[in-house]
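Colleague: I would like a close look at one part of this model, the surroundings of the ligand. Please keep to what can be computed from the atoms.

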Amino acid sequence: MRDAVTNLIRNYDVTGRYLDRNAVDTLKAYFETGTARVAAAAVINSNAASIVKQAGLRLFEELPELIRPGGNAYTTRRYAACLRDMDYYLRYASYALVAGDNNVLDERVLQGLRETYNSLGVPIGPTVRGIQIMKEIVKEQVEAAGIVNSAFVDQPFDHMTREFSEQDV
Ligand SMILES: CCC1=C(C)/C(=C/C2=NC(=C\c3[nH]c(/C=C4\NC(=O)[C@H](C)[C@H]4CC)c(C)c3CCC(=O)O)/C(CCC(=O)O)=C2C)NC1=O
């Protein structure tokens, strides 16, 4: 598992370089957004249950076939599994936000997930939509908490979306 700082140091150490201008700029950008990253994680932490619940409701409102007979989230057990997965995505997104690096998502969440989903018939498109809905809700709440430039919030959610959409099995 890496964060923005350890990742950068690792890259420079591999080639035995001192931290040059580019490195310093990268580090500055990371530390300048540091307080906002921690604040965003705090917003997620104190609203996690309601974010997941709201996102689930919006998702099933948009795609009601998911919870109808034959849908992958039909039956209480699968409905709960779906919301649990959303909760995983949200929690790991909050870690990645603090780390300033998406590596934790690759290592702990995305590895092998597509294969698992395919074998269980969990549809990828709607999962991606669920992740995007959570991003929208988190951004609204982060902005409401007074964090002005919330663009960094997109990164982990967009990373998961991209990996889900692009990986070939
Ligand atoms: C922390 C990393 C981690 C992740 C990400 C994870 C995901 C994960 N989701 C699963 C199942 C599942 N995932 C879903 C999710 C959905 N179905 C839908 O229609 C929706 C689109 C979507 C919710 C948005 C469902 C319904 C199941 C149960 C499928 C089944 O058992 O038939 C399973 C199979 C085993 C189980 O049921 O627990 C895994 C491993 N597990 C992990 O340890």
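Which polar side-chain atom lies 2.7 Å from a nitrogen atom of the ligand?

Modeller: That atom belongs to Asp 85. A polar contact here is a pair of N or O atoms within 3.5 Å. Two arginines also have side-chain N or O atoms by ligand oxygen: Arg 84 at 2.8 Å and Arg 77 at 3.1 Å. The ligand taken alone exposes 890 Å², of which the protein buries 80%; these areas come from the Shrake-Rupley method with a 1.4 Å probe.

This is a predicted model, in which local features need pLDDT of at least 70 and side-chain atom pairs count only at pLDDT 80 or more, while totals for chains, interfaces and linings use all residues. Residues are numbered from 1 along each chain as its sequence is written, and side-chain values use heavy atoms, with hydrogens and water left out.

Around the ligand there are 24 residues, each with a heavy atom within 4 Å of it. Asn 72 and Cys 82 join Arg 77, Arg 84 and Asp 85 as those that come nearest. By class, the shell holds 16 nonpolar, 3 polar and 5 charged residues, where Asp, Glu, Lys and Arg count as charged, Ala, Val, Leu, Ile, Met, Phe, Trp, Tyr, Cys and Pro as nonpolar, and the others, Gly among them, as polar. Helices H4 (76-99), H5 (103-110), H6 (113-120) and H7 (124-144) each supply at least two shell residues, and H4 gives the most, with 10. Helices are DSSP runs (H or I, at least four residues), numbered from the N terminus.

Notes: A polar contact is a pair of N or O atoms within 3.5 Å; within protein, one must be able to donate a hydrogen and the other to accept it, and residues adjacent in sequence count only if both atoms are side-chain atoms.
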